[in-house]
Amino acid sequence: MDDPTKKKQDAYTVSWQPYEIDYVVNTVSTAKPKYSKDQIRAAVESCKRTIQPSEGRAKLMACVNAKLP
């Protein structure tokens, strides 16, 4: 689940904290059940190298979805 302490105004940002990675992995896993959580986590790790936290969760999700067609 997403971090409940996150402020509403910065909810669009992303962090590399474990809860954030788990949130992305679980969200993508629900949308794309044919991929294992390990495959999704590998895609997230790959995207982390090119996306800054301030660029937002939407850009991270787009990157992960592009890596897992």
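## How α1 meets α3

In this predicted model, helices α1 and α3 lie oblique to each other. Their axes are 11 Å apart, and the packing angle is about 50 degrees. That angle falls outside the ranges for roughly parallel, roughly antiparallel and roughly perpendicular, so it counts as oblique. The crossing in which α1 passes α3 is right-handed.

Which residues make this contact? From α1 come E20, Y23, V24, T27 and V28, and from α3 come R57, L60, M61, V64 and N65. Sorted by class, the contact of α1 with α3 has six nonpolar residues, two polar ones and two charged ones.

## A buried salt bridge between α1 and α3

Let's stay with E20 and R57 for a moment, since both belong to the contact just described. The two residues form a salt bridge, and their closest N and O atoms are 3.0 Å apart. This pair ties together distant parts of the chain: E20 sits in helix α1 (residues 18-31) and R57 in helix α3, with their positions 37 residues apart.

Are the two partners buried or exposed? Both E20 and R57 are buried. For each of them, that puts the relative accessible area under 20%, because this is the cut-off for buried.

## How α1 meets α2

Next comes the pairing of α1 with α2. The axes of these two helices come within 9 Å and cross at roughly 125 degrees, and α1 and α2 are therefore oblique to each other. Here, too, α1 passes its partner α2 in a right-handed crossing.

On the α1 side, the residues involved are I21, D22, V24, V25, N26, V28 and S29, and they meet K37, I40, R41, V44 and K48 of α2. The contact of α1 with α2 breaks down into six nonpolar, two polar and four charged residues. V24 and V28 of α1 appear in this list, and V24 and V28 are also part of the contact with α3.

N26 is worth a look on your screen. This residue is found in helix α1 and counts as partly exposed, because its relative accessibility is 32%. N26 and R41 are 15 residues apart in sequence, and their C-alpha atoms are 9.6 Å apart in space.

## How α2 meets α3

The remaining pairing joins helix α2 (residues 37-48) to helix α3 (residues 57-67). These helices pack at an angle of about 125 degrees, with 9 Å between their axes. That angle makes α2 oblique to α3, and α2 passes α3 in a right-handed crossing.

What residues does each helix bring to the contact? A43, V44, S46 and C47 come from α2, while L60, C63, V64 and K67 come from α3. These residues divide into six nonpolar, one polar and one charged. V44 of α2 also takes part in the contact with α1, and L60 and V64 of α3 also take part in the contact of α1 with α3.

## Other salt bridges

How many salt bridges does a search of the whole structure find? The search finds four, and the E20 and R57 pair is one of them. Another is formed by E45 with K48, where the closest N and O atoms are 3.4 Å apart. E45 and K48 both lie in helix α2, three residues apart, which is about one turn of the helix. E45 is partly exposed, with a relative accessible area of 33%, and K48 is partly exposed as well, at 23%.

E55 and K59 also form a salt bridge, with their closest N and O atoms 2.6 Å apart. The relative accessible area of E55 is 34%, so E55 is partly exposed. K59 has a relative accessible area of 41% and is likewise partly exposed.

## The protein as a whole

Stepping back, the secondary structure comes to three helices and zero strands. Along the sequence, the pattern reads α-α-α.

Of the 69 residues in the protein, 36% are buried. Among the contacts with a separation of 6 or more, 54% are between residues 24 or more positions apart. The E20 and R57 salt bridge, with its 37-residue separation, links distant parts of the chain too.

Key:
Residues are numbered from 1 along each chain as its sequence is written. This is a predicted model: local features need pLDDT of at least 70, side-chain atom pairs count only at pLDDT 80 or more; totals for chains, interfaces and linings use all residues. Side-chain values use heavy atoms; hydrogens and water are left out. Axes are lines fitted to C-alpha atoms, for helices over the stretch in contact, and angles run from 0 to 180 degrees between N-to-C directions. Helices (H or I, at least four residues) and strands (E, at least two) are DSSP runs, numbered from the N terminus. Angles under 35 degrees count as roughly parallel, over 145 as roughly antiparallel, 65 to 115 as roughly perpendicular and the rest as oblique. A crossing is left-handed if the near helix is turned anticlockwise from the far one by less than a right angle, and right-handed if clockwise. Contact means heavy atoms within 4.5 Å. Ala, Val, Leu, Ile, Met, Phe, Trp, Tyr, Cys and Pro count as nonpolar, Asp, Glu, Lys and Arg as charged, and the others, Gly among them, as polar. A salt bridge is a side-chain nitrogen of Lys or Arg within 4 Å of a carboxyl oxygen of Asp or Glu. Buried means under 20% relative accessible area, exposed over 50%, partly exposed in between (1.4 Å probe, protein chains only).
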